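Subject: Structure handover

Dear colleague,

Please find below the structure that I am passing on to you. My notes on what was found in it follow directly after.

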Amino acid sequence: MSTPVTGEAVITISGATATLGARPVLRGVDLTVRRGEVVALLGANGSGKSTTIRALIGQVTLTGGSIDLFGTPKKRFRDWARIGYVPQRTTASSGVPATIREVVTSGRLSRRRFGWPNKADKAAVERAIDLVGLADRAGDSVSALSGGQHQRVLIARALASEPELLIMDEPMAGVDLASQEILAATLREQVAGGTSVLLVLHELGPLEPLIDRAVVLRDGCVVHDGPPPEAVGQHALPGHDHVHPHAADEPLRTGLLT
Ligand SMILES: Nc1ncnc2c1ncn2[C@@H]1O[C@H](COP(=O)(O)OP(=O)(O)OP(=O)(O)O)[C@@H](O)[C@H]1O
């Protein structure tokens, strides 16, 4: 674990409440990520992790509380190029044939107001593709990729804008072990370069050494904010098994619970 971080806050969520349908899903969430920190957001299924992330990036409207990004109230925040976002597992292909390079380049566009990608843009795209270990496949169609490779493309897309803050919703979900190791190495390099990270995880896994702090949600409330708990289950999540929604066959144990 790295030394405690005392830098300025890049994310400040205060007393966030949100309702989806008729259901209160966030019930007063406080969460701060400081510059250079890697914070894992943990919790059982349905505890509000994704909703918290989606509120951060403007996909869910809060009914109360506030969110600041880089010290600016979210309503006034415009500098989205400073943030790289990796959504919960989706595919990078939309039926339109696109190469890995094209998808990753799309992540760079937020930085450019006018004109075609310049040399620096192209270099950043190639670097992001290289970081996730897909340099030799850059010209391949994303439709030919495995789940783990897809996820690597999405992460490269987020990295292409050279973000100061990475927000990721279960980046390891459905990712094979080899890809997990590559993603962990990629993240390690980003963090060493000063990037702040907030990521939803259901298992610390290979990312464990990188995590500075864990915030555990239960029923839309924070029940732990501190060092990443080892075998968290006994303490933070009694009786809460996390069954991964995307697992096709067997329920996936978190490892936090056993
Ligand atoms: N659009 C929606 N309308 C109504 N309820 C919703 C909606 N989206 C999510 N919910 C509910 O809100 C609760 C919190 O969901 P959320 O996705 O934030 O949980 P989570 O902690 O990310 O869970 P998981 O680990 O399963 O992804 C769940 O009970 C979910 O069923």
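Two strands are taken to pair if DSSP finds at least two bridges between them. Strand 3 (residues 38–43) and strand 8 (residues 196–200) meet this with four bridges, in the parallel sense, and within that pairing valine 38 stands opposite valine 197 of strand 8. Please bear in mind throughout that this is a predicted model.

As an overview, the protein chain holds six helices and ten strands, and 41% of its 258 residues count as buried. Among the contacts in the chain with a separation of 6 or more, 70% are between residues 24 or more positions apart.

The main sheet

The pairing of strand 3 with strand 8 belongs to an open sheet of six strands, whose order is 6-7-8-3-9-10 and whose pairing is mixed. The edges are taken by strand 6 (83–86) and strand 10 (221–226), each of which has a single partner strand, so one side of each is left without a neighbour in the sheet. From one strand to the next, the twist averages 15 degrees.

At one of these edges, strand 6 pairs with strand 7 in the parallel sense over four bridges, and tyrosine 85 has isoleucine 167 of strand 7 as its bridge partner. Although strand 6 is an edge strand, both of its faces are covered, with Ile83 and Tyr85 buried on one side and Gly84 and Val86 buried on the other.

Helices on the sheet

Helix 1 (residues 49–56) lies across strand 3, strand 7 (165–169), strand 8 and strand 9 (213–218), and its direction runs at about 140 degrees to that of strand 7. Helix 4 also packs on the sheet, where it touches strand 6 and strand 7, and its direction makes about 165 degrees with that of strand 6.

Helix 1 is mostly covered, in that six of its eight residues are buried, namely Lys49, Thr51, Thr52, Ile53, Ala55 and Leu56. Just after helix 1, glycine 58 takes a positive phi of about 85 degrees.

The packing of helix 4 and helix 5

Two packed helices are described by the angle between their axes and the distance between the axes. For helix 4 (residues 147–159) and helix 5 (residues 177–192), the angle is about 15 degrees and the axes are 10 Å apart. As angles under 35 degrees count as roughly parallel, helix 4 is therefore roughly parallel to helix 5. Helix 4 passes helix 5 in a left-handed crossing.

On the side of helix 4, the contact is made by Gly148, Gln149, Gln151, Arg152, Ile155 and Leu159, and on the side of helix 5 by Ser179, Ile182, Leu183, Thr186 and Gln190. Sorted by class, the residues of this contact are four nonpolar, six polar and one charged.

Strands 1, 4 and 5

Strand 1 (residues 9–20) pairs with strand 4 (residues 64–69) in the antiparallel sense over five bridges, and here threonine 17 stands opposite glycine 64 of strand 4. Strand 4 is also joined by two bridges to strand 5 (residues 72–73), and these two strands run antiparallel, with leucine 69 having threonine 72 of strand 5 as its bridge partner. The hairpin of strand 4 and strand 5 has two residues between the strands, and in this hairpin phenylalanine 70 takes a positive phi near 50 degrees.

With best regards

Technical notes: Residues numbered from 1 in each chain as written. Predicted model: local features only at pLDDT ≥ 70, side-chain atom pairs only at ≥ 80, totals over all residues. Axes fitted to C-alpha atoms, helices over the stretch in contact; angles between N-to-C directions. Parallel < 35°, antiparallel > 145°, perpendicular 65-115°, else oblique. Left-handed = near helix turned anticlockwise from the far one by under 90°. Contact = placed C-beta atoms within 7 Å. Nonpolar A, V, L, I, M, F, W, Y, C, P; charged D, E, K, R; others polar. Buried ≥ 20, exposed ≤ 12 C-beta atoms within 10 Å, placed from the backbone.
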